[in-house]
Amino acid sequence: MGLSLLVGTGVFCVSLIFFAMTTTVIVNLALRLIHRTVGFWHSVIVMMLVSLITAAAHLIQIALWALVYLNCGEAANFQRAFYFSAQSYTSLGYGDIQLSERWQLLGPLEAVRSEEHTSEL
């Protein structure tokens, strides 16, 4: 349990830093684009860019956790690790893949971090 908690906390912190950086990029980009001109379609484009950056950030976070699952030997390949990570990240949790007892805390830690992402936006 100790190693799982240590690894999970490390990835949690990396994820937090990455999300803070992404949020900073989004805010700076939105402020620059909004100050140029104000108009309905311009605002739509700005919001589309914000949504695309946010979606990309979430996919990168899922991939980060997937790499951890892969390196811990909890998945046979990246596709399977990404699939499990996406389930944990979205709190969907079909239950068709389960982590070994040694690493079982990683899934809930990923879910907690992803819930914070949602509440921060």
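This tour moves from the whole chain to selected residues of a predicted model.

**The whole protein**

Begin with the entire chain in cartoon representation. The protein contains four helices and zero strands, and its pattern along the sequence reads α-α-α-α. Viewed along the principal axes, the C-alpha atoms occupy a box of roughly 55 × 25 × 20 Å. Of the contacts in the protein with a separation of 6 or more, 61% are accounted for by residues 24 or more positions apart.

**Surface and charge**

Next, display the surface. About 7400 Å² of the protein is exposed, and carbon and sulfur atoms supply 70% of that area. Of the 121 residues in the protein, 34% are buried. Colouring by charge brings up 5 positive and 7 negative charges, whose mean positions lie 14 Å apart.

**Helix α2**

Select residues 40-71, which form helix α2; Ile45 is found there. Now add Leu49 and Leu52 to the selection of Ile45: these three residues make a nonpolar surface patch of about 280 Å².

**Helix α1 and Ser4**

Move to residues 2-36, helix α1, and select Ser4, which lies within this helix. Is Ser4 buried or exposed? The relative accessibility of Ser4 is 1%, and Ser4 therefore counts as buried, the cut-off being under 20%.

To see what surrounds Ser4, show its contacts, leaving aside neighbours within four places in sequence. The residues in contact with Ser4 are then Arg102, Trp103, Gln104, Leu105 and Leu106. Displaying the side chains of these residues together with Ser4 completes the tour.

Methods. Residues are numbered from 1 along each chain as its sequence is written. This is a predicted model: local features need pLDDT of at least 70, side-chain atom pairs count only at pLDDT 80 or more; totals for chains, interfaces and linings use all residues. Side-chain values use heavy atoms; hydrogens and water are left out. Helices (H or I, at least four residues) and strands (E, at least two) are DSSP runs, numbered from the N terminus. Buried means under 20% relative accessible area, exposed over 50%, partly exposed in between (1.4 Å probe, protein chains only). Contact means heavy atoms within 4.5 Å. Accessible areas come from the Shrake-Rupley method with a 1.4 Å probe; for residues, only the protein chains shown count as cover. Lys and Arg count as positive and Asp and Glu as negative; His and the chain ends are not counted. The place of a charge is taken as NZ of Lys, CZ of Arg, CG of Asp or CD of Glu. Patches are made of residues with over 30% relative accessible area and no salt bridge: like charges are joined within 9 Å, nonpolar side chains (Val, Leu, Ile, Met, Phe, Trp, Tyr) within 5 Å. A salt bridge is a side-chain nitrogen of Lys or Arg within 4 Å of a carboxyl oxygen of Asp or Glu.
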